[in-house]
Amino acid sequence: METALNEITLVLFTTLAPSGALAYGIMALPLIFQGGAERLDPAVRQRLDQMLCLPLFVAMVGLVASATHLGSPANALYVVTGFGRSPLSNEVVCGAVFLGAAGLFWLTSFSEGPVRLPLRRGVAAVISVLGLVFVGTISLAYSSEAIISWNTPFAPVSTWLNALSGGPLLAVLGMRLARFRTPSHRMGWACLGVAAAAFVCSVVLYGVWCSALPEFANAVASADELAPWFGIFVGVFAVMGAGALGLCWKSVIWDGAAPVWMPVVAAALMLCGIFLMRFQFYAIHLTAGLGV
């Protein structure tokens, strides 16, 4: 638990950044595929454009929190020089590129000049791909042979499942704030379906991971000794995620615009559940040598 508390900013980063990046891509889909003036009302398009600040802000908070591990701003130069050979450098550089591009794109949504829809659709698609690359680098940053409890497929898969659980609910909130709706709530149902499937897979994965913790051991301790409450946290995560999905479902089927508090609480519950499991992830930090 001491290790997890010391890495609390990284817990926050790996909770918020993947979900924020994925939510950005989901919210950009209508701009990319319904960007034509004949399909997407200009006022709705502008509101969606501007509301991209929500997932952008969430991902940015996560990345800024992780910057505390640099010690000094000058160390950022060393991070950049390690791009391509260091998983940590790949993670930080890809995050900075994604957030920088997304931020500039968001600022242009306030332009009063003529809107070049084909260009904006193309740029939105590129930024969405950058977001997926960013999530990919986060998922691979913790696969290290030196840390036997992390050097397992559980680590990268859990990162993607967390993003697919929290990102769609965050996107539902953003689309609600932008007052964007699709016929028969198709977009909302799609987000809910993806989040529900990813959440169920997450609960199963964490359950299997919990049962496998005794197998990760060195001469000093085993992973299950470092995180004795891992199984309890999985249960709490299951309850919080189920509540989040229930609220999201209620907001999707609402006749008209659902009360804002529903998608807000739904996204917050899911992100809090993910935060708890990321906390446990850092708690099971166990090296292959004589230490934890």
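Where does R179 lie? R179 is in the loop between α8 and α9. The model described here is predicted.

## The loop between α8 and α9

R179 is not a glycine, yet its phi is positive, at about 55°. With a relative accessibility of 53%, R179 counts as exposed, because the cut-off for that class is over 50%.

## The second largest pocket

The second largest pocket holds about 290 Å³ of space. Its lining is made up of 17 residues, and R176, F180, R181, H185 and S251 are the ones closest to the centre. By class, the lining of this pocket divides into 9 nonpolar, 5 polar and 3 charged residues.

Three helices are named as suppliers of at least two lining residues each: α8 (154-177), α9 (186-212) and α11 (230-253). Of the helices, α8 gives the most to the lining of the second largest pocket, with 3 residues.

## The largest nonpolar core

Which residues have the most contacts inside the largest nonpolar core? They are F98, F134 and W209, in a core of 85 residues. Helix α2, which covers residues 8-33, gives the most to this core, with 14 residues. In soluble globular proteins, nonpolar side chains tend to be buried together.

Leaving aside residues up to four places away in sequence, F98 touches A21, Y24, A59, I127, L130, G131 and F134. F134 thus appears both among the contacts of F98 and among the residues with the most contacts inside the core.

## Helix α6

Two residues of helix α6 are described here. S89 is found in this helix, which spans residues 87-108, and A96 has its place in α6 as well.

Is S89 buried or exposed? S89 is buried, with a relative accessible area of 5%, and the cut-off for buried is under 20%. Apart from residues up to four places away in sequence, S89 touches Y78, V79, G82 and F83.

A96 is partly exposed, with a relative accessible area of 44%. That value puts A96 in the partly exposed class because it falls between the cut-offs of 20% and 50%. Along the chain, A96 and F134 are 38 residues apart, and their C-alpha atoms are separated by 9.0 Å.

## Cysteines

How many disulfides does a search of the whole structure find? The search finds 0. A disulfide is a covalent bond between the sulfur atoms of two cysteines.

C191 is in no disulfide, and the nearest cysteine sulfur to it, that of C248, is 7.4 Å away. The reverse also holds: for C248, which is in no disulfide, the nearest cysteine sulfur is that of C191, at 7.4 Å. The pair does not count as a disulfide because the sulfur atoms would have to be within 2.5 Å, and they are 7.4 Å apart.

Both cysteines are buried, C191 with a relative accessible area of 5% and C248 with one of 1%. These values place C191 and C248 in the buried class because its cut-off is under 20%.

## The loop between α7 and α8

N151 is found in the loop between α7 (117-140) and α8. N151 is partly exposed, with a relative accessible area of 40%.

Which residues does N151 touch, not counting residues up to four places away in sequence? N151 touches S143, S144 and E145. Measured in sequence places, N151 and L140 are 11 residues apart, while their C-alpha atoms are 9.9 Å apart in space.

## The loop between α9 and α10

S222 is found in the loop between α9 and α10 (223-226). At 10% relative accessibility, S222 counts as buried, because the cut-off for that class is under 20%.

The contacts of S222, with residues up to four places away in sequence not counted, are P214, F216, A217 and L286. S222 is also 8.9 Å from S149, C-alpha to C-alpha, with the two residues 73 apart in sequence.

Definitions and conventions: Residues numbered from 1 in each chain as written. Predicted model: local features only at pLDDT ≥ 70, side-chain atom pairs only at ≥ 80, totals over all residues. Heavy atoms only, no water. Helix = DSSP H or I, 4+ residues; strand = E, 2+ residues; numbered from the N terminus. Buried < 20%, exposed > 50% of the residue type's maximum accessible area, 1.4 Å probe, protein only. Contact = heavy atoms within 4.5 Å. 1 Å grid on protein atoms, 1.4 Å probe; cavity = no way out; pocket = protein on both sides within 12 Å on 5 of 7 lines; lining within 4 Å. Points joined across faces, edges and corners; volume = space filled by probe spheres on them. Nonpolar A, V, L, I, M, F, W, Y, C, P; charged D, E, K, R; others polar. Core = buried A, V, L, I, M, F, W, Y, C linked by side-chain atoms within 4.5 Å.
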